[in-house]
Amino acid sequence: MSANDASALRYPARELMALYLHRTIVRLGLGVTGTFTVVFFYQFFGESVLGALLSYIAIFTGTALLTPWGASFLNHVGIRGTMLRAIPLLALAACTLALASVYDPASPQAFLIVLISIVGTFLYRALYWVPYSVGISETLTPGSEGRQVATLTNLADILVAAMPLIGGLVLSTESFQMLFLIGGALFAFSAVPLFFIPNRYECFSWDTRETFRQLLNPDMRPMVYATVGDGIQFGVLAVVWPLLIFLLLGGDYETVGAVTTLT
């Protein structure tokens, strides 16, 4: 094998590990905060299930509408550049919830801060997922993609599994403010591995209108159905399930975290 061949194998592997390390740190932050973010919205809006659901509907809707705009960043700032613009928004979303937790929920300041968090969350998602998915696909070894994804994802799952329990313990002993500050710190730290990958540029040629028109393309239906199904599953796991077990368990944060970890 020539030196060039060896380099071609080595650097994509290094990029893949950097991307998965980055994603694992993000997932650690989401594991700590994710289960209890919907609980926070529920309590913030006066123990309103509707308030919590509407918060996530706003996040999902904003993500859907702005993802084509976010993907266009690949053309001029690249994969790494786009992700490095997304991660601060996620850290901001967590830190603003930490700030909102110290205000009276009925105050206009608290509502504005929560609104900033919601906007920051869907801007992060709109900017993040396309470049991350493209970056992962470009660094997988041809013919071994399934094995690589399964191995790295399963290893990350082991690390992340206990985080909801840790989040419940933090809430039981501290506060929402501390919980979201921990999440924000993890999100910010996750940007470090991104500096170890090269910045690749891709061409996303569809505008927003064309992107949504393609949703009606018969050739796209299998992918659209699969993606919609995956989105529904994510919505149930991220929103409905945590809120349901919180209500069933009478608001015991530690137990909610333990049940989520076991699940």
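A residue counts as exposed when its relative accessible area is over 50%, as buried when that area is under 20%, and as partly exposed in between. The model discussed here is predicted, and these words are applied to several of its residues below.

Glu47 is a place to begin. This residue sits in the loop between helix 1 (3-44) and helix 2. Its relative accessible area is 57%, so Glu47 is exposed. The backbone deserves a look as well. Most residues other than glycine have a negative phi. Glu47 is not a glycine, yet its phi is positive, at about 55 degrees.

After the loop comes helix 2, which spans 49-71. Two of its residues can be set side by side. Leu50 lies in helix 2, and Gly51 lies there too. Is each of them buried or exposed? Leu50 has a relative accessible area of 55% and is therefore exposed. Gly51 has a relative accessibility of 11%, so it counts as buried. From the C-alpha atom of Gly51 to that of Ala161 the separation is 28 Å, and the two residues are 110 residues apart along the chain.

Leu50 also belongs to a nonpolar surface patch of about 840 Å². Its other members include Val49, Leu53, Leu54 and Ile57, along with Val228, Ile232 and Leu247. Which helices each supply at least two residues of the patch? They are helix 2 and helix 9 (221-248).

Helix 2 also packs with helix 4, which covers residues 108-139. Two packed helices are described by the angle between their axes and the distance between the axes. Here the angle is about 40 degrees and the axes are 7 Å apart. Angles under 35 degrees would count as roughly parallel and those from 65 to 115 as roughly perpendicular, so helix 2 and helix 4 are oblique to each other. The crossing of helix 2 past helix 4 is right-handed.

Charged side chains come last. The count of salt bridges is two. One joins the side chains of Glu15 and Arg200, with 2.6 Å from N to O. This pair links distant parts of the chain, 185 residues apart: Glu15 is in helix 1, while Arg200 is in the loop between helix 7 (176-189) and helix 8 (208-214). Glu15 has a relative accessible area of 7%, so it is buried. Arg200, at 29% relative accessibility, counts as partly exposed.

The other salt bridge is formed by Glu210 and Arg213, whose closest N and O atoms are 2.9 Å apart. Both residues lie in helix 8, separated by three residues along the chain, or about one turn of the helix.

Terms used. Residues are numbered from 1 along each chain as its sequence is written. This is a predicted model: local features need pLDDT of at least 70, side-chain atom pairs count only at pLDDT 80 or more; totals for chains, interfaces and linings use all residues. Side-chain values use heavy atoms; hydrogens and water are left out. Patches are made of residues with over 30% relative accessible area and no salt bridge: like charges are joined within 9 Å, nonpolar side chains (Val, Leu, Ile, Met, Phe, Trp, Tyr) within 5 Å. Accessible areas come from the Shrake-Rupley method with a 1.4 Å probe; for residues, only the protein chains shown count as cover. A salt bridge is a side-chain nitrogen of Lys or Arg within 4 Å of a carboxyl oxygen of Asp or Glu. Helices (H or I, at least four residues) and strands (E, at least two) are DSSP runs, numbered from the N terminus. Buried means under 20% relative accessible area, exposed over 50%, partly exposed in between (1.4 Å probe, protein chains only). Axes are lines fitted to C-alpha atoms, for helices over the stretch in contact, and angles run from 0 to 180 degrees between N-to-C directions. Angles under 35 degrees count as roughly parallel, over 145 as roughly antiparallel, 65 to 115 as roughly perpendicular and the rest as oblique. A crossing is left-handed if the near helix is turned anticlockwise from the far one by less than a right angle, and right-handed if clockwise.
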